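Reader: I should like to go through this protein chain in a series of short questions. Please show the sequence and the structure before we begin.

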Amino acid sequence: MDTVLVPPWLEPLLKTPFFNICRIHADAARNECNMYCLDCNNGDGAFCFYCRSSRHKDHQVIQIRRSSYHDVVRVSEIQKVLDISGVQTYVINSARVLFLNVRPQPKSGKGVAHICEICGRSLLDSFRFCSLGCKLERIKKNGDASFALEGKNEGLTMEGVSSSRSEEELREGSTQDMYPLTPPPPPLNARRRKGIPHRAPFGSSF
């Protein structure tokens with residue numbers, strides 16, 4: 001059985017406009033359409049926080065965020081459903097993200113070590129693509145890359161994607177998956193202080 005290089009929901013996702021006002025919940029506080037359902041893939045497009053609660057409660061949903069007017073998705077969410085190898089990631093507001101689509105930029109100057117194989121954008125590290133869109137374009141042209149996880153996600157709980165998290169965490173996001181908190185080591189002199197008798201100060205002999 002041939003491996004599907006691109007999931008059927010990816011291309012519609014990349015073409016979807018986000019952050020428009022939801023027509024159903026226009027008067028609500030969280031009315032921006034910044035979520036996408038991976039299970040439906042039926043042309044519904046982006047939807048808001050309240051639409052997710054009513055129509056996609058038990059579905060796999062990812063949240064799209066925005067950086068400098070460009071759409072991004074957290075690595076902690078998208079890596080559970082896509083092989084994102086080769087795509088440049090960035091740390092923005094303490095969260096690791098990647099861009100959905102290519103961003104316009106001047107041509108890379110001389111001496112740039114790493115550039116996107118599709119659009120020529122300069123990259124920070126030795127990645128092949130600047131965005132999911134550019135990786136998709138490469139797969140369509142050459143087929144020498146893939147988004148298929150090939151069983152890597154089997155047995156995983158879809159943290160950051162499924163409805164197992166609370167609605168608040170999904171909207172506001174959490175860096176807990178990416179940067180788990182480690183309790184700080186106890187002070188080196190913590191044990192020395194315990195049980196040490198306190199001597200009375202010596203009186204001055206002068």
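Reader: Which elements are included in what covers the buried residues of helix 4?

Author: The model is a predicted one. In helix 4, which spans residues 132–141, the buried residues are Leu132, Gly133, Cys134, Lys135, Leu136 and Ile139. What covers them includes helix 1 (10–15), helix 3 (75–78) and strand 5 (95–99).

Reader: Which residue follows helix 4, and what is the sign of its phi?

Author: Helix 4 consists of residues 132–141. The residue named after this helix is Gly143, with a phi near 70°, that is, positive.

Reader: Which element gives the largest share of the largest nonpolar core?

Author: That core has 38 residues, and Trp9, Leu13, Ile78, Leu82, Leu98 and Leu132 have the most contacts inside it. Two or more residues come from each of helix 1, strand 1, helix 2 (49–55), strand 2, helix 3 and helix 4. With 4 residues, the largest share belongs to helix 4.

Reader: Which residues does Leu98 touch, leaving aside those up to four places away in sequence?

Author: Leu98 is among the residues with the most contacts inside the largest nonpolar core. Its partners include Ile78 and Leu132, both of which are also listed among the residues with the most contacts in that core. The full set touched by Leu98 is Asp71, Val72, Val73, Val75, Ile78, Ile84, Val87, Gln88, Thr89 and Leu132.

Reader: Which strands stand at the edges of the sheet, and why is one side of each left without a neighbour?

Author: The sheet is open, has 5 strands with antiparallel pairing, and follows the order 1-2-3-5-4. Each edge strand has a single partner strand, so one of its sides has no neighbour in the sheet; these are strand 1 (35–37) and strand 4 (90–92).

Reader: By what angle are neighbouring strands of this sheet turned against each other on average?

Author: The strands concerned belong to the open sheet with the order 1-2-3-5-4. With direction ignored, the average turn between neighbours is 45°.

Reader: Which residue in strand 3 stands opposite Arg65?

Author: Strand 2 (residues 61–67) pairs with strand 3 (residues 70–74) over 4 bridges, in the antiparallel sense. Across from Arg65, in strand 3, stands Val72.

Reader: How many disulfides are counted, and why do Cys33 and Cys116 form none?

Author: A pair of cysteine sulfurs must lie within 2.5 Å to count as a disulfide. The closest cysteine sulfur to that of Cys33 is in Cys22, 4.7 Å away and therefore too far for a bond. For Cys116 the closest is in Cys134, at 3.7 Å, which is likewise too far for a bond. The count of disulfides is 0.

Reader: Are Cys33 and Cys116 buried or exposed?

Author: A residue counts as buried under 20% relative accessible area. Cys33 has 9% relative accessibility, and the relative accessible area of Cys116 is 2%. Both residues are therefore buried.

Reader: Is Pro17 buried or exposed?

Author: Pro17 lies in the loop between helix 1 and strand 1. Its C-alpha is 7.1 Å from that of Ala46, although the two residues are 29 apart in sequence. The cut-off for exposure is over 50% relative accessible area. Pro17 has 54%, so the residue is exposed.

Reader: What percentage of the residues in the protein chain is buried?

Author: The protein chain contains 6 helices and 5 strands. Its exposed area is about 13,100 Å², of which carbon and sulfur atoms supply 52%. Of its 206 residues, the buried share is 39%.

How values were computed:
Residues numbered from 1 in each chain as written. Predicted model: local features only at pLDDT ≥ 70, side-chain atom pairs only at ≥ 80, totals over all residues. Heavy atoms only, no water. Pairing = 2+ DSSP bridges. Axes fitted to C-alpha atoms, helices over the stretch in contact; angles between N-to-C directions. Buried < 20%, exposed > 50% of the residue type's maximum accessible area, 1.4 Å probe, protein only. Contact = heavy atoms within 4.5 Å. Core = buried A, V, L, I, M, F, W, Y, C linked by side-chain atoms within 4.5 Å. Areas by Shrake-Rupley, 256 points an atom, 1.4 Å probe, with all protein chains shown as cover.
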